[in-house]
Amino acid sequence: MVKESPLAPSTIEALELLRAASTELLELFAPPRCVACDQPCVETPAFCAACLSQLERCAEPEQAGVFAPFVQHGPLVRAVHRAKFGARVAPARAMGLLLADTLGAQLDAVDLVVPVPLHIERLRVRTFNQAAEIAKTLGRPVSYGSLVRERATRPQATLGRDERRANVHEAFAVSNHQKIHGRNVLLLDDVVTTGATLSAARDALLTAGPASVRCVAVARAVLWADRAR
Ligand SMILES: [Zn+2]
């Protein structure tokens, strides 16, 4: 059992911003390279032309209440892995730019972007929340601390559909109802698989009376159990 976080949401927010800023500063001094394959790139953060050509669009981006325009495959798998386990901001930012490009004018209706939060224990290990880094690129106000992960959960990757739902059930809570109330919220995660995490986070947001909550992820992954069928 992981102990409850003793830190207030404002401290989590400050930690998140500080860690991401220091990581970003280090990456600024590196020459521009593709966030997925490390080939030299014209700009940063970006995918190179070869990686962009390998991106696969979802045939059905809107599924079970979650919009996810890309298939979690190839360059996106590498980018997510680098962001999560290599503690690099640029891959998350490049993914965010892809998403911003896809959403286009739809973003005008968004009052607030809420990235799915990490539990503070995982934030300490990862150094930053990549959903928050993706959120920064969408050009809309972002709230980092108004939705919190109260309970540490097991990584979803190893779990089946029902286990995933149980794992994140009531894991989230709103810490600042005023910020969410009456707003059109875009709830954001990097990758959606069964949608259990986004669904649990959305349920928590709904207790604060938002005008709407739209669940969005950059990419959709196939659950390993479904893939094996
Ligand atoms: Zn590349």
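Here are four short exercises with worked solutions on this predicted model.

**Exercise 1: the zinc site**

Find which protein atoms hold the zinc ion, describe the geometry, and work out what the pair C37 and C48 ties together.

*Solution.*
- Step 1: Start at the metal. The protein donors are the SG atoms of C34, C37, C48 and C51, lying 2.3 Å from the zinc ion.
- Step 2: Check the angles. Among the 4 donor atoms they run from 106 to 114°. Four donors count as tetrahedral if all angles lie between 85 and 135 degrees, so the site of the zinc ion is tetrahedral.
- Step 3: Read the spacing along the chain. The donor residues follow the pattern C-x2-C-x10-C-x2-C. Both C37 and C48 sit in the loop between α1 (9-28) and α2 (49-54), so this pair ties together parts that are 11 residues apart in sequence.
- Step 4: Compare accessibility. Buried means under 20% relative accessible area, so C48, at 9%, is buried, while C37, at 28%, is partly exposed.

While you are in this loop, look at P45, which also lies between α1 and α2. The peptide bond joining T44 and P45 is cis, with omega about -5°.

**Exercise 2: two helices**

Decide how helix α7 (residues 161-168) and helix α9 (residues 196-206) are arranged.

*Solution.*
- Step 1: Take the axes. They come within 9 Å and cross at roughly 30°.
- Step 2: Classify the angle. Angles under 35 degrees count as roughly parallel, so α7 is roughly parallel to α9.
- Step 3: Add the handedness: the crossing of α7 and α9 is right-handed.
- Step 4: List the residues that meet. R164, R165 and V168 come from α7, and A196, T197 and A200 from α9.

**Exercise 3: the surroundings of D111**

Place D111 and find which residues it touches beyond four places away in sequence.

*Solution.*
- Step 1: Locate D111 in the loop between α4 (89-103) and β4 (112-115).
- Step 2: Note that its relative accessible area is 28%, so D111 is partly exposed.
- Step 3: Collect the contacts of D111, which are P141, G182, R183 and N184.
- Step 4: Look at P141 again. D111 and P141 are 30 residues apart in sequence, with C-alpha atoms 6.8 Å apart in space.

**Exercise 4: positive phi**

Examine A64 and E170, and say where each lies.

*Solution.*
- Step 1: A64 is not a glycine, but its phi is near 45°. A64 sits in the loop between β1 (62-63) and β2 (66-67), and at 80% relative accessibility it is exposed.
- Step 2: E170 has phi near 55°, also a positive value in a residue other than glycine. E170 belongs to the loop between α7 and β6 (172-174), and at 60% relative accessibility it is exposed.

Note on methods. Residues are numbered from 1 along each chain as its sequence is written. This is a predicted model: local features need pLDDT of at least 70, side-chain atom pairs count only at pLDDT 80 or more; totals for chains, interfaces and linings use all residues. Side-chain values use heavy atoms; hydrogens and water are left out. Donors are N, O and S atoms within 2.8 Å of the metal (3.2 Å for Na, K and Ca); water is not among the atoms, so sites may look incomplete. Four donors count as tetrahedral if all angles lie between 85 and 135 degrees; four count as square planar and six as octahedral if opposite donors are over 155 degrees apart and all others between 65 and 115; anything else is irregular. Buried means under 20% relative accessible area, exposed over 50%, partly exposed in between (1.4 Å probe, protein chains only). Axes are lines fitted to C-alpha atoms, for helices over the stretch in contact, and angles run from 0 to 180 degrees between N-to-C directions. Angles under 35 degrees count as roughly parallel, over 145 as roughly antiparallel, 65 to 115 as roughly perpendicular and the rest as oblique. A crossing is left-handed if the near helix is turned anticlockwise from the far one by less than a right angle, and right-handed if clockwise. Contact means heavy atoms within 4.5 Å.
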